[in-house]
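Hi,

Here's the structure I promised to pass along. Have a look, and my notes on side-chain contacts follow below.

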Amino acid sequence: MRKSKYAAVLFALLSAGAFAKTTVTVWVPWGGPDGDAIFNAAKEFNGTQDEIEVRPTMVAGAGLDGGGAGRFMTAVASGMPPDLILYWGNDTIAGLAKNNAIMPLDELMAKTGLNPSAFNAAASGSIMYGGKVSGVPERINARMLYINNDHAVAAGLDLQNPPKTLDELSAWSDKMTKREADGKILQMGFIPWLGQGKAEILTGYMGGSLWDAAAGKPAIRNDGTAVVADWFAGVLTKYGTNNVSRFTASFGKALQSSGSDPFVGGVVSMQINGGWHANFIRKYNPTMKYTVAPVPVAGNATYGSSFVDGNTWMIPRGAKAPEAAMKFVTWFSQPERSAKIAE
């Protein structure tokens, strides 16, 4: 009896060791609908096989930005990084790769059959550093102009012909802005720096570039940024700096997609934002009717084009389970799954 009991215990221990799963820890940069999509995908993946268990954790900015700034580099330096990190842009790849904080992924991708050429040019070009693949695109984000239909119709504007130039955008904004006699703003047609109206994003729409190809160096001062600066200043001059400041002070998280976003709340009529913003409208103001259109342009910029960046998977240097992490990323990157996540 005793021998049989010991044999059973030994068999249980050996079985547990033989079938132990590889754990993949993942840092995800946001909560909300976008975060839920990643957590749900991990749960689905875990149910498809018995070898790997993906465990996502929400870390603000994935430790690279926001409240978690510096946390990622500290984790890498201490030899205890996550196995996989998802970041909301690809702007960090060059710096992290140069500082040896993330792994080149060519060999891992070859093992799982994930081909960099499967991604479009904007995505595949942005994940390279030093001739090596340093990240995997999770999703490409385009920017667009969101327009509140009710505000536009009330102002007598034609939604079939949205504004295409800054002058047209300014005219639309004036018609949808509501003010009291003393200048106090009750409803603003458009405030360019809200949402995704950041100077580095708007520069291209204004005919400029932050990179001087001929000189091979950054060009922070260029024709595009000059137009953006003048545009911002002109809005403050037209409506009054104090009036605009008091109006925007009531928004709360004015630069983030959230329930307090002024476009979602219906107090700003137009806003430049990304495709993900539709989820927040759906969640916080489901009865809102809105139109999306290309961002208006100036200078030699082409109307109908868009600034794009993308959420990016990266594997930290020192990750304990890089191959398992890449298997999850490869599964996640299937076209039908990408479409589901985007939706």
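First, something to check in your viewer: is Glu-44 buried, partly exposed or exposed? With a relative accessible area of 32%, Glu-44 comes out as partly exposed. Keep in mind that this is a predicted model.

Now the salt bridges. Searching the whole structure turns up seven of them. Glu-44 takes part in one with Arg-337, where the closest N and O atoms are 3.0 Å apart. That contact links distant parts of the chain: Arg-337 belongs to helix H14 (residues 335–342) and Glu-44 to helix H2, 293 residues apart. Arg-337 is buried, at a relative accessible area of 14%.

Next, Glu-323 and Lys-111 meet through their side chains in a salt bridge of 3.0 Å, N to O. Again distant parts of the chain are linked, with Glu-323 in helix H13 (residues 322–332), Lys-111 in helix H5 (residues 106–112) and the two positions 212 residues apart. Glu-323 is partly exposed at 42% relative accessibility, while Lys-111 is exposed with a relative accessible area of 60%. Shared partners also matter here: salt bridges join Glu-44, Arg-337 and Lys-340 into one network.

Another one to look at is Asp-34 with Arg-139, a salt bridge at 3.9 Å, N to O. Asp-34 sits in helix H2 (residues 32–46) and Arg-139 in strand S6, 105 residues apart. Both Asp-34 and Arg-139 are buried.

On to the rings. The count is 14 aromatic pairs. One of them is Tyr-146 with Tyr-290, which is tilted: 5.7 Å centre to centre and 35 degrees between the planes. Tyr-146 is in strand S6 (residues 136–148) and Tyr-290 in strand S12 (residues 290–293), so to speak two distant parts of the chain, 144 residues apart. Tyr-146 is buried at 1% relative accessibility, whereas Tyr-290 is partly exposed at 29%.

Phe-190 and Trp-231 make a stacked pair, because their planes are at 20 degrees, with the ring centres 5.9 Å apart. This pair ties strand S8 (residues 185–190), where Phe-190 lies, to helix H10 (residues 223–239), which holds Trp-231; the two are 41 residues apart in sequence. Both Phe-190 and Trp-231 are buried.

Two more for your list: Phe-45, Trp-313, Phe-328, Trp-331 and Phe-332 form one aromatic cluster, and Arg-71 lies over the face of Trp-27, 5.1 Å from the ring centre.

Cheers

How values were computed
Residues numbered from 1 in each chain as written. Predicted model: local features only at pLDDT ≥ 70, side-chain atom pairs only at ≥ 80, totals over all residues. Heavy atoms only, no water. Phe/Tyr/Trp six-rings, centres within 6.5 Å; stacked < 30°, edge-to-face > 60°. Helix = DSSP H or I, 4+ residues; strand = E, 2+ residues; numbered from the N terminus. Buried < 20%, exposed > 50% of the residue type's maximum accessible area, 1.4 Å probe, protein only. Lys NZ or Arg CZ within 6 Å of the ring centre and 35° of its normal. Salt bridge = Lys/Arg side-chain N within 4 Å of Asp/Glu carboxyl O.
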